Amino acid sequence: TEIVREKARVLQRTDEANVTTDPLNGPGLAGVPEIRDDFELQSPLMSNLLIKTEVIWRKSDKIMSIWKPCLAATTSDGYLHLFELPSTSNIVTKTPAEVAFQALVPPVEVPTEDAIVEGGFVPMSMMGKSWFENLIPGVSFQLKNCNISLSQQKGNSTFEISEVLPPTGLSKLSKNVRRRKYSLRLSSSQEMVDWLLCIRSLGAE
């Protein structure tokens, strides 16, 4: 038994030494192929899990709500995500989706030694904002729980999407159905039709 334990300790020390001397070949990278010289990092918008992405206008049914541009994306698992665009991005309808997505990606901040010593470098996490904050959807719809309808009063390129929300808290004890409603506006009636067909194909009624 003692011989087996000693062999185990020797193997463990050997493994630890290999990981320490060659961190790029640690156990977490086992089986990962080497990076090719022609490797190019693709945009997440090229993923086959995304069905449709476009900059559109959205407005909730709240009294003080106003029209705002957002990056809309439908996914293969039946969701519609609306990403809030920074007010400083100057993104409007017809802006390419890739340009809008880049406005959501935080800038890469590489601190210099002088900046750190002088205290001039302030990480985003210390400013009360996470680096990935803009990459979290402002609102997400599970399309199988949604109904869509046209609103002639708001123009022929606008439609409404209403979602039945699961009960939470005290609403579980009542018969009231929780809903949320948004109006979505496209730049043309043809684009609206394309979005309606896409959303309905993913489960909306």
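Strands are DSSP runs of at least two residues, numbered from the N terminus. In this predicted model, threonine 75 belongs to one such run, strand β2. Strand β2 spans residues 68-75.

The overall architecture mixes helices and strands. The protein holds 4 helices and 7 strands. Along the sequence they follow the order α-β-β-β-α-α-β-β-β-β-α. The protein has 205 residues, and 29% of them count as buried. Contacts between residues distant in sequence were also assessed. Among contacts with a separation of 6 or more, 55% join residues 24 or more positions apart.

Threonine 75 was examined in detail. Its relative accessibility is 11%, so threonine 75 counts as buried, the cut-off being under 20%. The side chain of threonine 75 makes a polar contact with the side chain of aspartate 77, at 2.4 Å. Beyond residues up to four places away in sequence, threonine 75 touches Leu49, Leu50, Ile51, His81 and Leu202. Of these, Leu50 lies in β1 (50-60) and His81 in β3 (79-84).

Helix α2 covers residues 97-104. Four of its residues are buried: Ala97, Ala100, Phe101 and Leu104. These residues cover an arc of only 100° around the axis, which means that they sit on the same side of α2. The packing partners of the buried residues of α2 are the strands β1, β2 and β3.

The same three strands contribute to the largest pocket. Its space amounts to about 190 Å³. The lining consists of 13 residues. Pro44, Leu45, Leu50, Phe83 and Phe101 lie nearest the centre of the pocket. Phe101 is also one of the buried residues of α2, and Leu50 is also one of the residues touched by threonine 75. At least two lining residues come from each of β1, β2 and β3. Strand β2 gives the largest share, 3 residues. By residue class, the lining comprises 9 nonpolar and 4 polar residues, with no charged ones.

The loop between β3 and α2 contains asparagine 90. Most residues other than glycine have a negative phi. The phi of asparagine 90, in contrast, is positive, near 60°. Asparagine 90 counts as exposed because its relative accessibility is 67%, over the 50% cut-off.

Serine 162 lies further along the chain, in strand β6 (residues 158-165). With a relative accessibility of 12%, serine 162 counts as buried. Its contacts, leaving aside neighbours within four places in sequence, fall on Asn145, Cys146, Asn147, Arg179, Arg180 and Lys181.

Isoleucine 199 is placed in helix α4, which runs over residues 189-201. Its relative accessibility is 0%, and isoleucine 199 therefore counts as buried. Leaving aside neighbours within four places in sequence, isoleucine 199 is in contact with Leu80, Leu143, Ile148, Phe159 and Ala204. Among these partners, Leu80 falls within β3 (79-84), and Phe159 falls within β6 (158-165). Leucine 143 is 56 residues away from isoleucine 199 along the chain, yet their C-alpha atoms are separated by 7.1 Å.

Conventions
Residues are numbered from 1 along each chain as its sequence is written. This is a predicted model: local features need pLDDT of at least 70, side-chain atom pairs count only at pLDDT 80 or more; totals for chains, interfaces and linings use all residues. Side-chain values use heavy atoms; hydrogens and water are left out. Buried means under 20% relative accessible area, exposed over 50%, partly exposed in between (1.4 Å probe, protein chains only). The arc is that of the directions from the helix axis to the C-beta atoms. Contact means heavy atoms within 4.5 Å. A polar contact is a pair of N or O atoms within 3.5 Å; within protein, one must be able to donate a hydrogen and the other to accept it, and residues adjacent in sequence count only if both atoms are side-chain atoms. On a 1 Å grid over the protein atoms alone, a cavity is a set of points where a 1.4 Å probe fits but cannot get out, and a pocket is an open set with protein on both sides within 12 Å along at least five of seven lines; lining residues have an atom within 4 Å of a point. Grid points are joined across faces, edges and corners, and a volume is the space filled by probe spheres set on the points. Ala, Val, Leu, Ile, Met, Phe, Trp, Tyr, Cys and Pro count as nonpolar, Asp, Glu, Lys and Arg as charged, and the others, Gly among them, as polar.
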